[in-house]
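Please open the model in your viewer and keep the sequence panel beside it, since this tour moves from one selection to the next.

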Amino acid sequence: MKTVFAFFVAILLIKPVIASVDCYTDSFGNTSCTGYDSNGNFVNTDSYTDSFGNTTTTGYVGDNFVNTDSYTDSFGNTTTTGYVGNSFVNTDSYTDSFGNTTTTGYIGDSFVNTDSYTDSFGNTTTTGYIGDTFINTDSYTDSFGNTTYDFY
């Protein structure tokens with residue numbers, strides 16, 4: 001979820017929000033995401049998770065440089081900080097006993113409030129708001145572990 005949220009942050013700061021991006025996770029747990037957003041901006045991010053489970057995501061969405069770090073505490077709650085373009089990112093994510101994740105915080109001056117639900121097939125739907133922008137995303141993972149994110 002840490003990689004996914006950092007990726008959402010990067011995509012959602014580019015408006016309008018309609019995109020399809022593919023991500024691949026290698027055997028070491030590193031994730032690379034590439035594609036194009038609806039404005040034709042190239043999306044290229046890489047995420048690395050260290051031996052403590054902390055994730056660093058870097059790359060670009062269009063001209064916006066992405067640089068975030070995510071840390072997970074012993075309860076499984078994740079804090080993400082860093083920058084996307086000139087916007088400071090500071091969010092917290094909490095997962096309940098059913099596996100649903102709520103993320104709150106700020107990206108720049110925009111308040112973040114999203115909820116994610118993963119079905120029995122491993123597909124995830126995320127809805128909520130970042131500032132005044134409503135988001136609705138779906139992700140699907142194929143049998144090879146490759147994930148496609150659709151943003152509406």
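Are Cys-23 and Cys-33 buried or exposed? Select the two residues in this predicted model, and you will find that both Cys-23 and Cys-33 are buried. Show their side chains as sticks: a disulfide joins Cys-23 to Cys-33, with an S to S distance of 2.0 Å, and a search of the whole structure finds one disulfide. The link of Cys-23 and Cys-33 is right-handed, with 110° about the S-S bond. Cys-23 lies in strand β1 (residues 19–25) and Cys-33 in strand β2 (residues 31–37), so that, at ten residues apart, the pair links distant parts of the chain.

Next, select strand β8 (residues 101–107) and display its side chains. In a regular strand the side chains alternate between the two faces of the sheet. Along β8, Thr-101, Thr-103, Gly-105 and Ile-107 point to one face and are buried, whereas Thr-102, Thr-104 and Tyr-106 point to the other face and are not buried.

Now add strand β7 (residues 87–95), which runs antiparallel to β8 and is joined to it by seven bridges; Thr-95 stands opposite Thr-101 in β8. Five residues separate β7 and β8 in the hairpin that they form, and Gly-99 in the turn has a positive phi of about 90°.

Finally, bring in strand β9 (residues 110–118), which is also antiparallel to β8 and joined to it by seven bridges. Here Thr-104 stands opposite Asn-113 in β9. The hairpin of β8 and β9 has two residues between the strands, and Gly-108 in the turn has a positive phi of about 60°.

Definitions and conventions:
Residues numbered from 1 in each chain as written. Predicted model: local features only at pLDDT ≥ 70, side-chain atom pairs only at ≥ 80, totals over all residues. Heavy atoms only, no water. Disulfide = S-S within 2.5 Å. Helix = DSSP H or I, 4+ residues; strand = E, 2+ residues; numbered from the N terminus. Buried < 20%, exposed > 50% of the residue type's maximum accessible area, 1.4 Å probe, protein only. Pairing = 2+ DSSP bridges.
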